[in-house]
Every structure is written in structure tokens, then in C-alpha cells.
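Trainee: Could you take me through one part of this model up close? I'd like to see how the annotated spot sits among its neighbours.

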Amino acid sequence: MANRAFDSIPLVDVDKKGIFKYVLIKIYGNEDCAETSEKLVVRGYSDCQFHSDIYERMMEICKKNGLDSECLGGGRIEHDPEKKYMKVYGFSQGFGKADHVESKRILQTKYKDYEIETTDEGY
């Protein structure tokens with residue numbers, strides 16, 4: 001069951017529009033999930049005031065499915081679906097700066113026809 005749960009977790013789940021905080025999370029199987037190593041996912045929601053709120057939401061999903069997770073950092077995403085544009089930037093005060101280039105790579109798996117810019121500028 002853990003392998004199926006691992007495979008069912010999407011790589012990307014971010015709000016459809018706006019500027020919001022995001023986190024880069026590593027998900028991996030526990031002892032019951034020996035075949036599966038790990039994967040990185042991006043989560044970003046405007047209804048979460050803190051990066052930790054986003055991570056806690058993902059931790060609950062992982063725990064329910066017998067998976068473990070680790071937050072690798074955070075930042076912000078500017079998402080403009082009309083222009084098919086995203087900007088990944090900034091950092092999390094609690095988790096540090098996510099690898100924005102890696103986050104961009106993951107975002108591109110869902111938003112293939114988007115221009116996605118990364119920068120270390122801004123908060």
C-alpha cells in the first residue's frame with residue numbers, strides 16, 4: 001500500500017494564480033516501502049501564512065500513507081496563468097532557501113508550456 005501511496009502523490013501542487021509561499025519537500029518511504037527511494041515535490045498555497053503551514057499539510061498526507069518527509073527549504077512563487085509565467089524566488093525564514101533551480105525543474109513537469117524564472121532576489 002505504501003508504494004501505491006508514494007506513486008499517487010503528485011510532484012506539483014500549487015495555487016492556480018497569485019503570489020504565495022512554497023516549499024520543496026523530499027518524500028521517501030519507510031521500511032514498508034523498500035522498493036521506493038525518494039522524490040522531491042513542490043507545494044505552494046496562498047491560504048498558508050507560513051512555510052511551516054504548507055509543510056505540515058504535506059506531513060499529514062505522508063503520515064496517513066506511511067511515508068516520511070523532509071522540508072528542504074522554501075521561497076515564493078509568482079504564478080500568472082494568463083501569461084503562462086512563474087517566478088520562483090526568495091527564502092523561508094524557518095527552513096532556509098529552497099533550491100529554486102530544482103523547484104523549477106519539478107514545476108516544469110506540470111507546467112510544460114510556461115516560462116519559469118528563478119532568482120535569489122526578493123523575499
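Mentor: Let's start with the annotated residue and then move out to the strands beside it. Keep in mind that this is a predicted model. The residue to look at is His51, which carries the "active site" annotation in an unreviewed UniProt entry. You'll find His51 in helix 2, which spans residues 51-64. Is His51 buried or exposed? Its relative accessibility is 5%, and because buried means under 20%, His51 counts as buried.

So who's around it? Leaving aside residues up to four places away in sequence, His51 touches Lys21, Tyr22 and Val23, then Gly74 and Gly75, and also Phe91, Ser92 and Phe95. Two of those names turn up again as a pair: Val23 has Gly74 as its bridge partner in strand 4. That pairing belongs to a longer run, with strand 2 (residues 18-29) and strand 4 lying antiparallel over 12 bridges.

Now follow strand 4, residues 67-80. Of its 14 residues, 10 are buried, so the rest of the structure largely encloses this strand. Strand 4 also pairs with strand 5 (residues 85-89), again antiparallel, through 5 bridges. One place to check that by eye is Glu78, whose bridge partner in strand 5 is Lys87. Strand 4 and strand 5 form a hairpin with 4 residues between the strands. Have a look at the backbone of Lys84 there: its phi is positive, near 50 degrees.

Technical notes
Residues numbered from 1 in each chain as written. Predicted model: local features only at pLDDT ≥ 70, side-chain atom pairs only at ≥ 80, totals over all residues. Heavy atoms only, no water. UniProt positions renumbered as here; feature names shortened; annotations may be inferred. Helix = DSSP H or I, 4+ residues; strand = E, 2+ residues; numbered from the N terminus. Buried < 20%, exposed > 50% of the residue type's maximum accessible area, 1.4 Å probe, protein only. Contact = heavy atoms within 4.5 Å. Pairing = 2+ DSSP bridges.
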